[in-house]
Amino acid sequence: MCGIVGYVGPQEATPIILNGLMRLEYRGYDSAGIAVIDAQGAIHVRRSVGKLAELEHLVAQQPLAGTVGIGHTRWATHGVPAARNAHPHVGMNGRVVLVHNGIVENYLPLRAELEAEGIQFASETDTEVIVQLVERYLESGCSLETAVRRALGHLTGAHGVVLMTGDEPDRLVAARIGHAGGVTLGVGEGEMFIASDLPAVLRHTRRMVFLEPGQMAVVEADRYRVTTLAGEPVPAEEQVVSWDPVSAAKGAYERFMKKEIHEQVEALTATIGGRLDLEAGRVFLPTLPLTDDAARDLTRLFTVACGTSYYSGLAGKYMIESLARLPVEVAYGSEFRYTDPIIDRSTALLAITQSGETVDTLVSMEEGRRRGARLWSIVNAIGSQAMRIADGYIGMQAGPEIGVASTKAFTTSLADQYLLALYLAAKRGTLSATEIRARANDLLALPRLVSQVLAQDETIRQLAIRLARYRNFLYIGRGINFPVALEGALKLKEISYIHAEGYPAGEMKHGPIALIDEQMPVVAIVTQDRVYEKMLSQVEQAKARGGLVVALANEGDQTIAEKADYVVTVPVAPPLLAPIVNVVPLQLLAYHMATWLGLDVDQPRNLAKSVTVE
Ligand code: M6R
């Protein structure tokens with residue numbers, strides 16, 4: 001979950017690394033550090049607790065000079081946020097430094113073994129055993145590459161690491177084991193970059209090499225070499241990525257989350273664009289090849305995902321079952337492998353993941369592979385693991401999502417599931433070309449509908465100011481809008497720290513209605529669909545118990561206007577696509593409540609953007 005940056009080249013490393021860390025701060029922000037090798041081969045380290053600004057302040061007071069360096073922004077797992085636990089970690093004799101992403105599962109016995117040899121530890125982290133092991137091998141005469149290879153052989157767990165030593169001051173050694181987040185080499189002209197995520201290096205280069213699990217790289221300014229952990233050479237495959245540095249920056253917006261909410265119009269346009277042939281009534285998904293026979297043979301789809309992506313999967317189930325008539329089960333990535341799922345070759349497993357690096361989702365994909373499923377993914381991060389290991393994938397086309405609270409990945413992944421549903425429907429013969437054309441037209445109207453919601457930003461901000469004093473919220477919806485209620489509640493709790501629960505509206509009477517009083521606002525999704533009347537009655541029930549009701553309703557709905565305390569209007573959308581429109585005001589509501597409360601919406605406490613630990 002931590003962010004890693006490395007640089008080797010002719011320029012001063014410090015500003016490049018600090019800038020890279022700034023672009024990765026969403027990965028972890030409880031402490032940060034940087035190490036640089038100077039012209040004499042001496043390593044200098046600066047570490048500080050708190051956000052990156054603290055490190056920048058420290059570096060301004062105690063500058064670093066050198067053209068080779070590594071940096072890290074931390075999300076604590078072992079050891080409290082403190083300067084001593086921040087990375088880079090240094091070997092006891094100061095010969096080697098390391099930044100690490102992952103968990104050393106067997107660190108306790110390794111630490112005991114090293115301490116018995118007289119090695120003194122300076123932190124409480126699991127990470128430090130790696131650097132001490134590497135230094136031990138360096139002291140026995142190994143090169144850095146060999147020392148890293150041997151040290152990694154002791155570890156269990158998943159890891160991404162970058163190391164450097166003053167003995168070989170012209171190079172960095174990077175490695176990846178398992179799914180602990182990516183390690184990407186950025187190939188420049190006479191300089192090389194290393195990063196856990198693309199935004200850290202996009203302003204320097206778009207030529208990338210993605211290390212696979214079980215690979216390591218020796219990186220110098222004008223060359224790099226990729227091998228397996230066993231030392232076998234691997235032909236490195238360079239990819240030119242389409243993301244640009246502008247889309248990974250805040251631009252005119254104060255916060256990434258606001259920018260990303262507003263980017264949904266163009267993100268949806270990009271997601272849908274080029275994938276529909278309206279005349280022929282066809283959907284193109286060239287990166288997800290499937291024969292008609294294979295599509296007809298499918299008996300079940302498992303969707304696996306976490307957090308917002310899981311809620312997207314819950315809504316996508318309605319789309320795929322309704323249009324393609326394929327049964328869908330949706331599972332949490334963190335739970336899937338404990339369910340003994342019934343999978344065979346007629347089963348497809350669809351992973352939905354913005355980052356493509358969420359370890360629970362990746363492990364579920366592995367489980368699906370092991371049991372013989374066809375593996376698909378819907379993924380945003382280009383070159384990520386979930387994209388690479390799938391048999392077929394659909395790109396979200398959302399562009400970089402930096403705000404920790406996921407927004408545009410929710411709506412674009414829903415559009416992708418709708419495209420997948422139409423694609424499967426055509427191949428399975430459950431919809432005619434005429435029906436697909438009509439559904440495709442519905443999809444094309446989405447960017448316009450979303451832009452109509454965004455135009456109400458200020459109205460929603462005013463409402464948010466009124467609501468920000470409450471400490472508990474209920475979000476309710478029925479049918480395909482139940483996942484929207486879950487997502488609305490998640491948005492609120494993760495960035496405002498206000499307790500919010502999403503509930504299927506019909507379940508209220510089976511218990512949660514007891515919670516309702518004048519201190520418990522109820523956000524009810526009451527758009528006009530087949531459960532509209534039932535939702536109206538749910539609103540009545542909440543009002544009868546003194547609840548304050550905020551209704552999300554379609555424009556011109558007088559009935560709800562008379563019943564609810566506040567109404568947020570959304571344009572009418574086709575029922576299966578309504579979640580894409582209905583979630584947008586809930587994103588804005590959460591955003592404005594949190595900013596009104598003075599909170600850091602882009603980097604909420606305790607969270608990190610990519611969850612690369614189990
Ligand atoms: O990158 P992924 O889509 O796999 O991430 C899944 C969740 O960690 C993510 O959606 C998380 O719940 C967000 N903070 C929600 O806003």
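## One helix, two faces

A residue counts as buried when its relative accessible area is under 20%, and as exposed when that area is over 50%. Keep that in mind as you look around this structure, which is a predicted model.

Start with helix α15, which covers residues 457–467. Here Asp457, Ile460, Leu463, Ala464 and Leu467 are buried. They sit on the same side of α15, because they cover an arc of only 125° around the axis. There's a handy bit of background here: an α-helix has 3.6 residues a turn, so residues three or four places apart point the same way. Flip to the other side of α15 and you'll find Thr459 and Arg466, which are exposed.

So what covers the buried residues of α15? The cover includes helices α6 (256–262), α14 (446–454) and α19 (578–596). Strands β22 (472–477), β25 (549–554) and β26 (566–570) are also part of it.

## Domains and cores

The domain assignment splits the chain into domain 1 (3–252), domain 2 (273–444) and domain 3 (451–596). The centres of domain 2 and domain 3, taken over C-alpha atoms, are 27 Å apart. Where these two touch, 21 residues of domain 2 are in contact with 16 residues of domain 3.

Now for the greasy inside. The largest nonpolar core has 97 residues, and Trp376, Leu420, Phe473 and Tyr475 have the most contacts inside it. Domain 2 and domain 3 each give this core at least three residues. Apart from it lies another core, this one of 32 residues, among them Ala13, Tyr26, Leu64 and Ala381.

Let's zoom in on Tyr475. Leaving aside neighbours within four places in sequence, Tyr475 is in contact with a whole list of residues, including Ala485, Leu492, Tyr503, Val523, Leu586 and Leu589.

## A buried asparagine

Head over to strand β6 (residues 96–102), and you'll come across Asn101. Is Asn101 buried or exposed? Its relative accessible area is 1%, so Asn101 is buried. What does its side chain reach? The answer is the backbone nitrogen of Cys2, at 3.2 Å.

## Around the ligand

How many residues surround the ligand? There are 15, and the closest are Ser309, Thr353, Ser355, Thr358 and Glu494.

Some of the ligand's surroundings come with distances to a ligand oxygen atom. For Thr353, a polar side-chain atom lies 2.7 Å from an oxygen atom of the ligand. Lys491 also uses its side chain, with an N or O atom 3.0 Å from a ligand oxygen. With Thr308, it's a polar backbone atom that is 3.1 Å from an oxygen atom of the ligand.

Note on methods:
Residues are numbered from 1 along each chain as its sequence is written. This is a predicted model: local features need pLDDT of at least 70, side-chain atom pairs count only at pLDDT 80 or more; totals for chains, interfaces and linings use all residues. Side-chain values use heavy atoms; hydrogens and water are left out. A nonpolar core is a set of buried Ala, Val, Leu, Ile, Met, Phe, Trp, Tyr and Cys residues joined through side-chain atoms within 4.5 Å. Buried means under 20% relative accessible area, exposed over 50%, partly exposed in between (1.4 Å probe, protein chains only). Domain bounds come from an automatic or database domain assignment. Contact means heavy atoms within 4.5 Å. Helices (H or I, at least four residues) and strands (E, at least two) are DSSP runs, numbered from the N terminus. A polar contact is a pair of N or O atoms within 3.5 Å; within protein, one must be able to donate a hydrogen and the other to accept it, and residues adjacent in sequence count only if both atoms are side-chain atoms. The arc is that of the directions from the helix axis to the C-beta atoms. A residue is near a molecule or strand if one of its heavy atoms lies within 4 Å of it.
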